[in-house]
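Student: I have this model open at my desk and would like a close look at a single part of it. Please pick one spot, tell me what surrounds it, and then place it in the rest of the fold.

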Amino acid sequence: MGQTKALTLEPRQEQSVMQITAAEIGEEQNVIHLEGDMGAYGKVYSTLIFKFNADRSGGTYTAQGRGFVDENTMLGGAGAGVWKREGSKAYLEEVVNINDGTQNLHRAVMDMMNKTLVLDAYILR
């Protein structure tokens with residue numbers, strides 16, 4: 001079995017701030033809808049589906065996103081990750097595959113009081 005290369009993370013783009021546009025609260029999952037400008041991906045619309053761990057302080061989530069770079073270019077992405085809640089904020093980490101062949105590691109802070117998600121995207125591929 002071969003060795004993996006050391007992981008060096010470089011930003012894909014500047015930090016992005018997305019706005020929470022809707023929240024669907026459920027007993028088994030919560031769904032959050034977001035939109036914002038994300039540099040390399042243009043105007044982005046995203047949906048996050050959160051599942052809870054036993055004490056509901058964190059868990060796993062999946063994500064779907066569509067970015068409109070210009071009138072003729074749309075990118076699609078899908079991700080999966082983990083989250084942990086501390087008060088009104090949730091800390092998220094996910095791996096995202098984009099249909100242009102790139103992959104990112106996203107680290108984000110979702111602030112429900114301010115209806116924002118601040119996201120850093122790092123290059124994996």
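Tutor: Let's look at Gln 13, which sits in the segment before β1 (16-25). Please keep in mind throughout that this is a predicted model. Is Gln 13 buried or exposed? Its relative accessible area is 13%, and the cut-off for buried is under 20%, so Gln 13 counts as buried.

What does Gln 13 touch, once residues up to four places away in sequence are set aside? Its partners are Met 38, Gly 39, Ala 40, Tyr 41 and Ala 121. Take Tyr 41 from that list: along the sequence it is 28 residues from Gln 13, while in space the two C-alpha atoms are 9.3 Å apart.

For a second viewpoint, move on to Glu 24, a residue of strand β1. With a relative accessibility of 43%, Glu 24 is classed as partly exposed; that class lies between the 20% and 50% cut-offs. Again leaving out residues up to four places away in sequence, Glu 24 is in contact with Gln 29, Asn 30, Val 31 and His 33. Lys 89 makes a useful reference point here: it is 65 residues from Glu 24 along the chain, and 17 Å separates their C-alpha atoms.

Now step back to the fold that holds these residues. The protein has zero helices and eight strands, and reading along the sequence gives the pattern β-β-β-β-β-β-β-β. Of its 125 residues, 37% count as buried, and Gln 13 is one that meets the buried criterion. Among contacts with a separation of 6 or more, 34% join residues 24 or more positions apart. The C-alpha trace spans about 45 × 40 × 20 Å along its principal axes. For 125 residues, a compact globule would have a radius of gyration near 14 Å, and the 15 Å of this protein agrees with that.

There is also space inside. The structure holds one cavity of 30 Å³ or more, and the largest cavity has about 300 Å³ of space. Its lining is made of 27 residues, and those closest to the centre are Val 44, Ser 46, Gly 65, Val 96 and His 106. Which strands supply at least two lining residues each? They are β3 (43-52), β4 (58-70), β5 (73-86), β6 (89-98), β7 (103-111) and β8 (116-123). The largest share, six residues, comes from β4. By class, this lining has 16 nonpolar, nine polar and two charged residues.

The largest pocket is another place to look, with about 250 Å³ of space. It is lined by 14 residues, and Asn 30, Trp 83, Arg 85, Met 110 and Met 112 lie nearest its centre. You have already met Asn 30 as one of the contacts of Glu 24. Strands β2 (29-37), β3, β5 and β6 each give at least two residues to the pocket lining. That lining divides into eight nonpolar, three polar and three charged residues.

Finally, a word on charge. Side chains of opposite charge can pair when their charged atoms come close. How many salt bridges does a search of the whole structure find? There are two. In one, the side chains of Lys 43 and Glu 35 come together at 3.6 Å, N to O. Lys 43 is partly exposed, at 29% relative accessible area, and Glu 35 is partly exposed too, at 28%. In the other, Arg 107 pairs with Glu 93, with 2.6 Å between the closest N and O atoms. This pair links distant parts of the chain, as Arg 107 belongs to strand β7 and Glu 93 to strand β6, 14 residues apart. Arg 107 has 44% relative accessibility and counts as partly exposed; Glu 93, at 34%, also counts as partly exposed.

So, back where we began: Gln 13 is buried, at 13% relative accessible area, in the segment before β1, with Ala 121 among the residues it touches.

Terms used: Residues are numbered from 1 along each chain as its sequence is written. This is a predicted model: local features need pLDDT of at least 70, side-chain atom pairs count only at pLDDT 80 or more; totals for chains, interfaces and linings use all residues. Side-chain values use heavy atoms; hydrogens and water are left out. On a 1 Å grid over the protein atoms alone, a cavity is a set of points where a 1.4 Å probe fits but cannot get out, and a pocket is an open set with protein on both sides within 12 Å along at least five of seven lines; lining residues have an atom within 4 Å of a point. Grid points are joined across faces, edges and corners, and a volume is the space filled by probe spheres set on the points. Helices (H or I, at least four residues) and strands (E, at least two) are DSSP runs, numbered from the N terminus. Ala, Val, Leu, Ile, Met, Phe, Trp, Tyr, Cys and Pro count as nonpolar, Asp, Glu, Lys and Arg as charged, and the others, Gly among them, as polar. A salt bridge is a side-chain nitrogen of Lys or Arg within 4 Å of a carboxyl oxygen of Asp or Glu. Buried means under 20% relative accessible area, exposed over 50%, partly exposed in between (1.4 Å probe, protein chains only). The radius of gyration is taken over C-alpha atoms; the globule rule is 2.2 Å times the number of residues to the power 0.38. Contact means heavy atoms within 4.5 Å.
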